[in-house]
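This report introduces a structure to a reader who is meeting it here. It begins with the strands and then turns to the helices that accompany them.

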Amino acid sequence: MENITLNVQGMSCGHCVNSIEGNVGELDGVESVKVHLEDGKVDVTFNSEKVNVKEITEVIEEQGYDVA
């Protein structure tokens, strides 16, 4: 398992947290997702043999957030 922390801009409320955690969490290979709203960060634990950082980033950006 790998751990990454993404800097995500545009998150402002509980809906943002639920949206990101729910959608990224549905990806095959994602073990856990934790949004830190105050810090603008998203921690993801995932199996790099099943999913990659680009795919995780795309799911977040498709929801209207910017990943730095």
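## Strands and their pairing

In this predicted model, residue E2 stands opposite F46, which belongs to strand β3. That pair is part of the link between β1, covering residues 2–9, and β3, covering residues 41–46, two strands that run antiparallel and are joined by six bridges.

Strand β3 also pairs with β2, again in the antiparallel sense and over six bridges. Here F46 of β3 appears once more, as the bridge partner of V30. Between β2 and β3 the chain forms a hairpin with four residues between the strands, and in this hairpin G40 takes a positive phi near 70°.

## The sheet as a whole

Taken together, the strands make up an open sheet of four, in the order β2-β3-β1-β4, and their pairing is antiparallel. The edges are occupied by β2 (30–36) and β4 (66–67), each of which has a single partner strand, so one side of each is left without a neighbour in the sheet. As background, strands of a sheet pair through backbone hydrogen bonds, in either a parallel or an antiparallel arrangement.

## Helices on the sheet

Helix α1, made of residues 14–25, lies across β1, β2 and β3, and its direction runs at about 165° to that of β2. Helix α2, made of residues 53–62, packs on the sheet as well, where it touches β1, β2, β3 and β4, and its direction makes about 30° with that of β1.

## How the helices meet

Two packed helices are described by the angle between their axes together with the distance between those axes. For α1 and α2, the axes come within 10 Å and cross at roughly 140°. An angle over 145 degrees would count as roughly antiparallel, and the crossing at roughly 140° therefore makes α1 oblique to α2. The crossing in which α1 passes α2 is right-handed.

The contact brings I20, N23 and V24 of α1 together with I56, V59 and I60 of α2. Sorted by character, the residues of this contact between α1 and α2 divide into five nonpolar and one polar, with no charged residue.

Note on methods
Residues are numbered from 1 along each chain as its sequence is written. This is a predicted model: local features need pLDDT of at least 70, side-chain atom pairs count only at pLDDT 80 or more; totals for chains, interfaces and linings use all residues. Side-chain values use heavy atoms; hydrogens and water are left out. Two strands pair if DSSP finds at least two bridges between them. Contact means heavy atoms within 4.5 Å. Axes are lines fitted to C-alpha atoms, for helices over the stretch in contact, and angles run from 0 to 180 degrees between N-to-C directions. Angles under 35 degrees count as roughly parallel, over 145 as roughly antiparallel, 65 to 115 as roughly perpendicular and the rest as oblique. A crossing is left-handed if the near helix is turned anticlockwise from the far one by less than a right angle, and right-handed if clockwise. Ala, Val, Leu, Ile, Met, Phe, Trp, Tyr, Cys and Pro count as nonpolar, Asp, Glu, Lys and Arg as charged, and the others, Gly among them, as polar.
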